[in-house]
Amino acid sequence: MAARLDPLDLYDVRSLLSDEERMVQDTVGRFVDEKVLPIIGDCFDQGRFPKELIPEIANLGLLGATIPEKYGCAGMNGVSYGLICQELERGDSGLRSFASVQSSLCMYPIYAYGTEEQKTHYLPKMAAGEIIGCFGLTEPHGGSDPANMKTNAKKDGGDWVINGAKMWITNGNLAHIAIVWAQTEDGIQGFIVPTDTKGFTAQEVHKKMSLRASVTSALFFDNVRVPEANRLPNVKGLKGPLGCLTQARYGITWGPIGAAQACLKEVLDYTAERILFGRPLASNQAVQLKMADMARRITTAQLLSLQLGRLKDAGTMQPTQVSLAKWNNCRMAIDIARECRDILGGAGITTEHSAIRHALNLESVITYEGTETVHQLVVGRELTGINAF
């Protein structure tokens, strides 16, 4: 008789990974099982980011994982970075958001758009978790329209003076530096702003029902002065921040797979033990149909992200392909988390189970870095050649 399939990997996607990629997944998976899962429900309840985990996350090489080793980073491929995101989000979206922002939105622009001096100064310390970054693009009025940016930077001698505000900034009150995008006479440009600079303030956002184990902030710039040496010189215009977002969105296509797997695993265990009407809940046809549909959707998402990762590593990945996977995989995960909450019944509304926590987190994940509607319209534009924004 054939061996039973892995219920969380029906198509044996793991067999398509290299030995190194499997080792990365196993290492991060162990960290999540041993260090994250025992505390993350309480962190969510308390509205607390577990910053005590940052040194171990750094020691595992998970910050800036794809940046070359000469900058103190791990030099991994894109698929390995995706697997890191998948395993971290199996723990909690807040943890994956922390790593995504540090890696794709802060370290990546310094690597891609910065000077050699900026790279050698910041990247090794950021990889070590000694310098934490945040990414200032979204503004209070902006949302899906980043071109409508009000934050501005004006040249004053050898300095730049920044004024404005940013909103929904992950890591804002943790960060030592902010990568800030501002309008200049030369178009949108990026700046490295130390958070102890005079005139910079970060205000933590409270009363959140989502990403509670993550730091979310508003940033304010009141005549914040930075030297020309802090400008990212090698990009101008929206393609700078949008290039960073493509990197981060790529990781986000993988993350929700982990959240969905966590929810399915939980209901598989729960329904095997929960006895209703004299038999396990798992023997109920309606429950099996729901779980089969979850497995189908997780499998589709796994194959989408793996192929996207192979395209990324081949240097041929297109932003529309990222949009398709972000849209599909976030929708897959939020639907599964909600369905799992339902199967758990009354028990499903407590954070002693993970489904409600993942469902609430995914309300943010499906919205940030391009809403579902925006990604649908990106695919529509690709199909028709017509921009419907």
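How many of the 11 residues of H9 are buried?

**Figure 1. Helix H9 and the elements that cover it.** Of the 11 residues of H9, 9 are buried, so this helix is largely enclosed by the rest of the structure. Buried means a relative accessible area under 20%, exposed means over 50%, and partly exposed lies in between, with a 1.4 Å probe and protein chains only. The structure is a predicted model, in which local features need pLDDT of at least 70 and side-chain atom pairs count only at pLDDT 80 or more, while totals for chains, interfaces and linings use all residues. Residues are numbered from 1 along each chain as its sequence is written, and side-chain values use heavy atoms, with hydrogens and water left out. Helices (H or I, at least four residues) and strands (E, at least two) are DSSP runs, numbered from the N terminus. The buried residues of H9 include Ala355, Ile356, Arg357 and His358. Among the elements that cover the buried residues of H9 are H1, H3, H4, helix H6 (239-273) and helix H8 (319-343); covering is judged by contact, meaning heavy atoms within 4.5 Å.

**Figure 2. Helix H3, residues 78-91.** This helix has 14 residues and reaches 20 Å from its first C-alpha to its last, close to the expected 20 Å at 1.5 Å a residue. The expected span is 1.5 Å times one less than the number of residues. H3 is mostly covered, with 14 of its 14 residues buried.

**Figure 3. The span of residues 18-130.** In an unreviewed entry, UniProt lists residues 18-130 as "domain: Acyl-CoA dehydrogenase/oxidase N-terminal". UniProt positions are given in the numbering used here, feature names are shortened, and annotations may be inferred rather than shown by experiment. The span is 72% helix and 0% strand, and its end C-alpha atoms lie 31 Å apart.

**Figure 4. Aromatic pairs and an aromatic cluster.** A search of the whole structure finds 8 aromatic pairs. Rings of Phe, Tyr and Trp (its six-membered ring) pair if their centres lie within 6.5 Å; planes under 30 degrees apart count as stacked, over 60 as edge-to-face and the rest as tilted. One of the pairs is formed by Phe49 and Phe98, which are tilted, at 5.1 Å centre to centre and 35° between the planes. This pair links distant parts of the chain, 49 residues apart: Phe49 is in the loop between helix H1 (19-46) and helix H2 (54-59), and Phe98 is in helix H4 (residues 93-113). Phe49 counts as buried at 7% relative accessibility, as does Phe98 at 1%. Phe200 and Phe221 form an edge-to-face pair, with 5.5 Å between centres and 75° between the planes. Because Phe200 lies in strand S6 (residues 200-204) and Phe221 in strand S7, the pair ties together parts that are 21 residues apart in sequence. Both rings belong to buried residues, Phe200 at 9% and Phe221 at 4%. In addition, Tyr108, Tyr113, Phe135 and Trp181 form one aromatic cluster.

**Figure 5. Charged ends over aromatic rings.** The charged end of Arg212 sits over the ring of Phe44, 6.0 Å from its centre. The charged end of Lys312 is placed over the ring of Tyr250, 5.4 Å from its centre. A charge sits over a ring if NZ of Lys or CZ of Arg is within 6 Å of the ring centre and within 35 degrees of the ring normal.

**Figure 6. The surroundings of Ser217 and Thr151.** Ser217 lies in strand S7 (residues 216-227) and counts as buried, at 0% relative accessibility. A polar contact of 2.6 Å joins its side chain to that of Asn173. A polar contact is a pair of N or O atoms within 3.5 Å; within protein, one must be able to donate a hydrogen and the other to accept it, and residues adjacent in sequence count only if both atoms are side-chain atoms. Thr151 is in the loop between strand S1 (133-136) and strand S2 (152-156), and at 0% relative accessibility it counts as buried. The side chains of Thr151 and Glu139 make a polar contact of 2.6 Å. A polar atom of the Thr151 side chain also lies 3.3 Å from the backbone nitrogen of Ala165.

Methods. Lists of a residue's contacts leave out its neighbours within four places in sequence.
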